[in-house]
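Reader: Hi! Could you walk me through this one before I head back to the bench? I'd like to start on the inside and work outwards.

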Amino acid sequence: VAPDPNGVHADAPPYDPDLMAAVAELGDALRGLVDASVRTAAPAAELRAAAAGARELTGRLAAARRPAGHLSPLDDVLAFRQVFNMVSGVGSALAPPVDVRVVEGGVVAETTFGLAYEGPPGYLHGGMSGLVMDQVLGAAAIHAGLWGMTARLELDYRGPVPLDTPVVLTGRVTETAGRKTVVSGTIAAAARPDQPLVEARGVFVTPRAEVIDSYFSGVTDGSGRHTAPGRPTDATAPRPAADA
Amino acid sequence: VSDADREAAMADLGDALRGLVDASVTTAAVPAELRAAAAAGRELTERLASVRADEGLLRGLHNPVSGVGNPIAAPLRLTGEAGGVVGEASFGQAYEGPPGWLHGGMSALLMDEVLGKAAAVPGYPGMTARLELDYRRPAPLRTPLRIGARITEVAGRKTTVSGSIGPAAEPGRALVEARGLWVVPRTHAAVDRP
């Protein structure tokens with residue numbers, strides 16, 4: 001499977017495809033391990049053996065670590081590529097993952113939530129709906145060139161979201177004024193996309209330049225250069241097709 | 001073998017997998033090492049998946065916010081306090097949203113769990129009907145956060161709850177504030193509530 005780590009900006013800068021594939025393979029393997037760990041009926045001795053095996057693996061991976069604030073060489077803040085994002089990242093064992101696609105008028109994502117995300121028996125944890133919708137609504141704002149940080153998030157729960165069932169998530173910008181962007185979206189069963197189970201509304205605000213500086217002064221990219229998120233400028237806007 | 005022993009072993013596995021998840025998102029290992037780790041991870045999965053059943057699951061340990069057996073959970077340890085619940089947790093790199101800060105959606109996940117627990121304190125488990133969050137400042141990673149909630153109103157089957165997330169070192173300072181409405185399903189209400 002060719003990983004699509006971004007899904008928001010089709011014209012993100014290139015990355016090392018071998019490293020990307022390996023990160024996605026490990027993310028996939030660990031997602032499977034997380035799922036197996038909450039579904040297993042193994043006896044205590046087997047669980048302890050698995051824990052010991054996992055710790056050995058941790059030791060191997062932790063032998064060389066990125067320092068805090070130093071982004072993965074696969075990430076690009078300006079293109080919003082975040083391979084370890086806990087909702088959409090191909091490299092995240094915590095992510096379902098949610099694969100966000102750009103469509104006419106907004107973004108759409110499909111995913112299936114496993115038992116690790118359970119709240120009420122058989123259904124998605126209500127807070128998980130908030131987690132994934134923050135990501136999807138934020139991606140809709142980014143796609144519209146209106147990156148901002150979450151200022152307000154509202155969720156109305158119409159019905160419980162079933163586990164182990166394909167669901168579809170949507171987001172679209174409904175209003176924009178200065179640094180503020182309002183985005184609406186839904187979660188629905190893929191088989192019944194017109195019957196929302198959760199309706200969400202988010203307000204995203206692009207911080208002023210001095211606030212961005214104070215929030216992200218310690219962030220460096222894979223090559224060690226300072227970087228920070230923001231709305232596209234002339235220098236950072238996606239290149240026109242003629243240049244690509 | 002007692003259930004307590006198996007629960008302790010599941011908590012041990014949850015702890016080990018939390019460490020593995022953290023290492024997997026911070027490692028600087030080369031692709032060949034990542035692939036070897038993936039293969040080893042799939043072997044562990046097969047061993048655990050070979051013993052699958054509808055019975056024998058430790059669901060009580062698998063809450064995605066507070067479950068010690070769930071690698072997705074930090075986990076948050078909640079305790080009761082006068083009129084509500086409160087918990088404390090730190091979040092590592094795996095929970096990042098904007099570079100260096102907690103994912104905004106994590107605040108929603110945390111608040112839903114904690115507000116829902118506060119709503120259930122009188123003994124009526126309800127379902128989230130509405131949740132709204134106001135984000136005042138981003139929440140830092142790798143910093144103890146205090147997460148608390150209390151009931152503000154009870155009217156029939158509806159319970160209104162408020163809560164906040166703030167630095168544990170600065171009690172009273174809210175980075176995120178939330179308010180939610182929990183509704184007790186009719187069947188429960190008819191039996192349990194006046």
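Author: Happy to. In this predicted model, Leu110(B) touches Val65(B), Leu76(B), Phe91(B), Leu102(B), Ile147(B) and Ile165(B), leaving out residues up to four places away in sequence.

Reader: Nice. How many residues does the largest nonpolar core have?

Author: The largest nonpolar core has 108 residues. Leu110(B) is among those with the most contacts inside it, along with Phe91(B), Leu102(B), Leu133(B) and Ile147(B). Helix 1 of chain A, residues 17-39, gives the most to this core, with 12 residues.

Reader: And what lies apart from it?

Author: Another core, of 13 residues, lies apart from it. Leu71(A), Trp147(A), Val211(A) and Tyr215(A) are among its members.

Reader: Switching to helix 2 of chain A: which of its residues are buried?

Author: Those are Ala44(A), Leu47(A), Ala50(A), Ala51(A), Ala54(A), Leu57(A), Thr58(A) and Leu61(A). They sit on the same side of helix 2 of chain A, because they cover an arc of only 140° around the axis.

Reader: Is there a general reason behind that sort of pattern?

Author: An α-helix has 3.6 residues a turn, so residues three or four places apart point the same way.

Reader: What do the buried residues of that helix pack against?

Author: They pack against helix 1 of chain A, together with helix 1 (3-26) and helix 2 (31-49) of chain B. On the face turned away from the buried side, helix 2 of chain A carries the exposed residues Ala45(A) and Glu56(A).

Reader: Now the two chains. How many residues does the contact take from each?

Author: There are 77 residues from chain A and 77 residues from chain B in the contact. Between them the chains bury about 7,100 Å², with 62% of it on carbon and sulfur atoms. Leu61(A), Leu94(A) and Tyr215(A) supply 8% of the area that chain A buries against chain B, more than any other three residues.

Reader: How many salt bridges does the rule find across the interface?

Author: It finds 12 salt bridges across the interface of chain A and chain B. As for a particular pair, the side chains of Arg130(B) and Asp156(A) meet in a salt bridge at 2.8 Å, N to O.

Reader: Last one: is Val107(A) buried or exposed?

Author: Buried, because its relative accessible area is 3%, and under 20% counts as buried. Val107(A) is in strand 2 of chain A, residues 106-112. Beyond its neighbours within four places in sequence, Val107(A) is in contact with residues including Val100(A), Val136(A), His143(A) and Leu169(A).

Terms used
Residues are numbered from 1 along each chain as its sequence is written. Chains are lettered from A and ligands numbered from 1 in the order in which they are written. This is a predicted model: local features need pLDDT of at least 70, side-chain atom pairs count only at pLDDT 80 or more; totals for chains, interfaces and linings use all residues. Side-chain values use heavy atoms; hydrogens and water are left out. A nonpolar core is a set of buried Ala, Val, Leu, Ile, Met, Phe, Trp, Tyr and Cys residues joined through side-chain atoms within 4.5 Å. Buried means under 20% relative accessible area, exposed over 50%, partly exposed in between (1.4 Å probe, protein chains only). Helices (H or I, at least four residues) and strands (E, at least two) are DSSP runs, numbered from the N terminus. Contact means heavy atoms within 4.5 Å. The arc is that of the directions from the helix axis to the C-beta atoms. Buried area is the accessible area (1.4 Å probe) that two parts lose on being put together, summed over both. A salt bridge is a side-chain nitrogen of Lys or Arg within 4 Å of a carboxyl oxygen of Asp or Glu.
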